[in-house]
Amino acid sequence: MAIRISVVIPCYNQGNFLSDALNSLSQCDASLFETIIVNDGSTDVATNHYLTELKEKGYNVISQENKGLSGARNTGIKHASAEYILLLDADNKIRPSFIVKGIEVFQSDDDVKVVYGDAEYFGDEKGLRKQGPFNLQRMMLVNWIDACTMVRKSVFDEVGYFDTNMKAGWEDWEMWLRIAFSGYKFHYLNEVVFDYRIRKNSMAKQVYNTREITNNIENYVFSKYPDKMGIHHVVDFMTDRFKKNPVSFLIKLFIRSYMPAYYKKLLRENKIRNGL
């Protein structure tokens with residue numbers, strides 16, 4: 001069977017985690033995919049030694065000067081030979097079903113350009129990351145689909161590659177928005193398709209825990225899509241609703257947050273208005 005998927009793994013000083021990602025791939029049907037590892041200018045001696053060993057074993061390891069996560073992914077995508085791209089971070093792990101079911105979805109629906117699913121946390125935290133069916137309104141408010149997705153390679157030729165100006169994080173958010181704004185379809189697999197490593201000092205944690213970084217990223221994305229994006233529109237709307245009837249607003253928000261079943265009952269009986 002012809003290779004259908006190119007697995008792109010950026011690696012910057014993460015050699016200590018990369019073996020877990022590769023071991024997870026070893027559980028998948030090797031006839032379906034190729035693996036492309038991009039050494040994004042790693043400075044860690046152990047990482048570079050491990051990547052050299054992998055190259056000697058036959059792995060496709062591409063070395064470049066440090067260009068950031070976006071630049072590393074772009075390099076891997078450009079070197080991919082398959083029609084589908086699976087984006088896998090070096091510190092995460094893939095489930096075999098993702099490759100099989102992702103291919104099935106793409107083959108059954110030409111309109112689908114992105115396939116994603118849920119994740120199970122491991123490392124410093126345990127739990128389940130339920131991503132849910134795609135919703136553009138939700139995506140415009142917050143980055144909620146992880147980068148670990150399968151994407152038709154042709155999409156990158158049409159909408160462009162990852163934005164290399166976004167070196168602080170959430171470059172995947174901007175990409176999902178760009179694909180969605182182009183009218184393309186996302187498909188959600190309602191199951192765990194990869195394992196997401198939680199690290200207290202990870203790049204993702206730094207973004208979420210640093211207000212300046214978060215604000216800078218959001219402002220940058222809002223400025224790219226001024227006719228579509230802007231959290232201030234939502235804040236202004238909510239503020240206006242609150243000012244008109246603050247008590248009613250807070251009661252309704254409390255019921256919706258802590259008594260969802262009762263909230264749905266009130267909606268069915270038309271005793272409250274749908275929405276705040």
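# Reading the predicted model

Colleague: Why does tryptophan 170 count as buried?

Modeller: In this predicted model, tryptophan 170 has a relative accessibility of 9%. Buried means under 20%, so at 9% tryptophan 170 counts as buried.

Colleague: Where does tryptophan 170 lie, and what is its phi?

Modeller: Tryptophan 170 lies in the loop between α6 (153–159) and α7 (171–181). Its phi is near 65°, which is positive in a residue other than glycine. Such a value is worth noting because most residues other than glycine have a negative phi.

Colleague: Which other loop should I look at, the one holding asparagine 13?

Modeller: Asparagine 13 sits in the loop between β1 (5–11) and α1 (15–25). Asparagine 13 is not a glycine, yet has a positive phi of about 55°.

Colleague: Why is asparagine 13 called partly exposed?

Modeller: The relative accessibility of asparagine 13 is 24%. Buried would need a value under 20% and exposed one over 50%; 24% falls in between, so asparagine 13 counts as partly exposed.

Colleague: How do you know that the chain is as compact as a globular protein of its length?

Modeller: First, the make-up: the chain has 12 helices and 9 strands. Its radius of gyration is 21 Å, and the globule rule gives 19 Å for 276 residues; the two are close, so the chain is as compact as a globular protein of that length. The C-alpha trace spans about 70 × 40 × 35 Å along its principal axes. Of the 276 residues, 47% count as buried. Among contacts with a separation of 6 or more, 73% come from residues 24 or more positions apart.

Colleague: What makes up the lining of the second largest pocket, and how is it split by class?

Modeller: That pocket has a volume of about 310 Å³. Its lining includes Asn135, Arg138, Lys228 and His233. By class there are 5 nonpolar, 4 polar and 2 charged residues. Both α5 (136–141) and α10 (231–244) supply at least two lining residues, and α5 gives the most, with 4.

Colleague: Where is confidence in the chain lowest, and where is it highest?

Modeller: The lowest mean pLDDT, 63, belongs to helix α8 (residues 203–209), and the highest, 98, to strand β4 (residues 84–87). For the whole chain the mean is 91, and 96% of the residues reach 70 or more.

Colleague: What should be kept in mind where pLDDT is low?

Modeller: There, the predicted coordinates should not be read in detail.

How values were computed
Residues are numbered from 1 along each chain as its sequence is written. This is a predicted model: local features need pLDDT of at least 70, side-chain atom pairs count only at pLDDT 80 or more; totals for chains, interfaces and linings use all residues. Side-chain values use heavy atoms; hydrogens and water are left out. pLDDT is the predictor's confidence in each residue, from 0 to 100. Buried means under 20% relative accessible area, exposed over 50%, partly exposed in between (1.4 Å probe, protein chains only). On a 1 Å grid over the protein atoms alone, a cavity is a set of points where a 1.4 Å probe fits but cannot get out, and a pocket is an open set with protein on both sides within 12 Å along at least five of seven lines; lining residues have an atom within 4 Å of a point. Grid points are joined across faces, edges and corners, and a volume is the space filled by probe spheres set on the points. Ala, Val, Leu, Ile, Met, Phe, Trp, Tyr, Cys and Pro count as nonpolar, Asp, Glu, Lys and Arg as charged, and the others, Gly among them, as polar. The radius of gyration is taken over C-alpha atoms; the globule rule is 2.2 Å times the number of residues to the power 0.38. Contact means heavy atoms within 4.5 Å.
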